[in-house]
Number of protein chains: 2
Amino acid sequence: MQLPTYDDVIAAAARLEGHAHRTPVLRSTTADEQWGARFFFKCENFQRMGAFKFRGAFNALSKFDATQRKGGVIAFSSGNHAQAIALSARLLSMPAVIVMPKDAPAAKVAATKGYGAEVVMYDRFTEDREALTRRLAQERGMTMIPPYDHPDVLTGQGTAVKELIEETGPLDHLFVCLGGGGLLSGSALSARALAPGCKVYGVEPEAGNDGQQSFQAGKIVHIETPKTIADGAQTQHLGGYTFGIIKRDVNDIFTVTDDQLVEAMRFFAERMKMVVEPTGCLAFAGAIAAREAIAGQRVGIVISGGNVDLSRYAALLA
Amino acid sequence: MQLPTYDDVIAAAARLEGHAHRTPVLRSTTADEQWGARFFFKCENFQRMGAFKFRGAFNALSKFDATQRKGGVIAFSSGNHAQAIALSARLLSMPAVIVMPKDAPAAKVAATKGYGAEVVMYDRFTEDREALTRRLAQERGMTMIPPYDHPDVLTGQGTAVKELIEETGPLDHLFVCLGGGGLLSGSALSARALAPGCKVYGVEPEAGNDGQQSFQAGKIVHIETPKTIADGAQTQHLGGYTFGIIKRDVNDIFTVTDDQLVEAMRFFAERMKMVVEPTGCLAFAGAIAAREAIAGQRVGIVISGGNVDLSRYAALLA
C-alpha cells in the first residue's frame, strides 16, 4: 500500500482554493491563563457544512474523471461525511446518493437532501449497508467514496493543519480528534512537513479507544460500536491508509471521558462563543488532560466541527 | 459640542493594535441563499471579554494621563461595559471600581472581579447610582468612563467597522445594533469615511425604540427601561455625542421583536456555529426583516457580542 505524502496535501490545498473556507485560527487569553499554555484553535466548525469533512470530500470528487463525474458519487454515512459529499457533488455538478439508516435523525436527512443528494434508506437490523452501497454503485455506475480510509480524503483533511501552521509558525504540540483517522493522518502529514519538532496526538473517546489499542498493538484493532456522545468518533476500527500514517507519524493517542467533552464544550460556548459538537471537543479535552506535559508551550488544537442538533446541544449546556 | 471624527477612529485603532483582537469576518453561503444577499459578519463576539465594548474602554483608558492612571477608573454597569473597563484597567495596570446593582447576576459580578476590579454594590430601589459613582470618583480621585456617550469610547467602537470595510471593500448596507449608540455612531464614522455610498442602519428592540423616536423627532427622546431579551439595548436614551453623529450619518433606524432575535440566535448557533447574545442578534435580525431592500447586495452585519449566561442561552435555543 502506497501511503500519500505531504505533496498530496499541497495538491489538495490547490484544489480546495476558492471552494473551502480558510477557517480562522482563534486565541483565548482565558484558556491560556487557565491551563498554562499558548493555544491556537483551528476552527473547522466554521468550515462549509460545519466540519472539516468538506475538505476531504471535495478533494476526492475534484479528482474524478469525466466518466466518474457523469456517474456521480455514492457514500454511506449518517453524519458529516454525508453532508460533505452531498455539498461537494452539488458544487461539482454531479449526482450523489447517500445511503443512510432509516432511523437517522430527520435533521441530518433533511440537510443532506437540502444539498441536493438522493437519500436511500436501509434497515440497520436487516440489511448490510456496504453490500447495498456496492450494488447501487454498480447498477448506477457511481463511485464510492469512504468516510476516511482513502488517500484523497485524508490528504484533503490535512489541508486544515497546513493552514494552521502556515499561520501560526511552528508548534510544540498538536491535538487532533480521532475517529477513523482521516483528520489525524492528514494532520500528521502536514505537521511532519511544516513543524518537524511538533508532537502530534490523537484524542479518542474513552469508550472507543480502538485507535489507542491499535497504536499500542502495532496492528488495527476492531471494537464494538462505542457508546459516547462523540458521535463522529463511533468508529469500530482505523483504516489501512490512516493507520499506516498514524503508526509512523503520530506520537501518542489519549482518551477522554464524555464528561471531559462536556466541560470543553461549555468552555467553548461560554468563553470562546463557539458551538462545537461533542466530537469537535476531543482535541481540546485531551490537551486539558495533558496540561502538565504542555505547560508554557505552543499548542495547536483542531476543532473538527460544530454540527449538533440544537435541542441536544441545549441539553448538554444546561 | 465638538463631535469626534474618523481621524479619531484611526488614532483609536493605533492604540488598540496588539491589544484588541482583529476579529474575523465570516461568510455564510446558507445565509446568502436563504435571504438573497451577500452578508459579511464582523464577529465581535470573538473580541476580548466577548464583546466590542473592549475597544472603547481600552481606547479611553489608554488616553489617561499619569495622574488619571494613578487614580484609576470608575464605571457603573452590570453588563459588558463593566468587564471591558475591568479588563482594560488590568492590562494598563490601573485600579478600577465598578458600581453594580446588588441584584446583578452572580456570573457577571464574578467575571468583573475576575478581571481584578473592585465591585461596589448599590440598591437599585433606594440609591442613585450616578450620585454614588460621582461621590466615589471624587473621594478616590478616579475618572468616570460612561458606557457610550464619550468621544474616546465611541471612536474605539468605530474600529470594528474600520477593520470590516478594510477587509471586505465597499459595502452597500451596514446593520449595527443600537442601545446607547456608541457602536452605531462609531461605525457610522468609519462607514462614511471608507464606503461613502454605504447605507448605515441602527437596529433596536421594538420594545425600546427610543433611538428610532429620537431619529424621527430630531431630538433625544427618553423612555422607560424597556422589557426585552436584548439586555445590552435596554438604554433609556441616546447621548449627546452619539445622537449628534447618528442624526447626521445614519440612514434609518429599524426595530425587531424578541422573537426575531431568537430566530437569528438559532440561525447563528445552528448554521454558523456561533454563540451570540440577544443584543448581538439585533443587526442580523434587522437585515432579515429588510431583505427586500438589500436583495443581491453586499451587506455588513456587526455581531456585537456573545456574553450570555449558558443556562439562559440553552433555554432560548431549546
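This briefing describes how chain B meets chain A and then turns to one residue of chain B.

The structure is a predicted model, in which local features need pLDDT of at least 70 and side-chain atom pairs count only at pLDDT 80 or more, while totals for chains, interfaces and linings use all residues. Residues are numbered from 1 along each chain as its sequence is written, chains are lettered from A in the order in which they are written, and side-chain values use heavy atoms, with hydrogens and water left out.

**Relation of the two copies**
- A turn of 180 degrees with a shift of 0.0 Å along the axis lays chain B on chain A at an RMSD of 0.0 Å, the copies being superposed by least squares on the C-alpha atoms of residues with pLDDT of at least 70 in both.
- The two copies are therefore related as by a two-fold rotation axis.
- The copies meet through the same surface, because 100% of the interface residues of chain B are also interface residues in chain A.

**Extent of the interface**
- Chain A and chain B each bring 27 residues to the contact (heavy atoms within 4.5 Å).
- About 2,100 Å² is buried between chain B and chain A, and carbon and sulfur atoms give 63% of that area; buried area is the accessible area (1.4 Å probe) that two parts lose on being put together, summed over both.
- Of the area that chain B buries against chain A, 33% comes from B:Phe46, B:Lys273 and B:Leu310, more than from any other three residues.

**Polar and charged pairs across the interface**
- The interface of chain B and chain A holds 2 salt bridges (a side-chain nitrogen of Lys or Arg within 4 Å of a carboxyl oxygen of Asp or Glu).
- One of the salt bridges joins B:Arg90 to A:Glu33, with the closest N and O atoms 3.6 Å apart.

**Make-up of the chain B side**
- Elements of chain B that give two or more residues to the side touching chain A are α2 (29-35), α13 (258-272) and α16 (310-317); helices are DSSP runs (H or I, at least four residues), numbered from the N terminus.
- The most is given by α13(B), with 5 residues.

**B:Thr155**
- Helix α8 (residues 151-157) of chain B contains B:Thr155.
- B:Thr155 has 1% relative accessibility and so counts as buried (under 20% relative accessible area, 1.4 Å probe, protein chains only).
- A polar atom of the B:Thr155 side chain lies 3.5 Å from the backbone oxygen of B:Asp152.
- Beyond its neighbours within four places in sequence, B:Thr155 is in contact with residues including B:Pro4, B:Asn59 and B:Leu189.

Terms used: Buried means under 20% relative accessible area, exposed over 50%, partly exposed in between (1.4 Å probe, protein chains only). A polar contact is a pair of N or O atoms within 3.5 Å; within protein, one must be able to donate a hydrogen and the other to accept it, and residues adjacent in sequence count only if both atoms are side-chain atoms.
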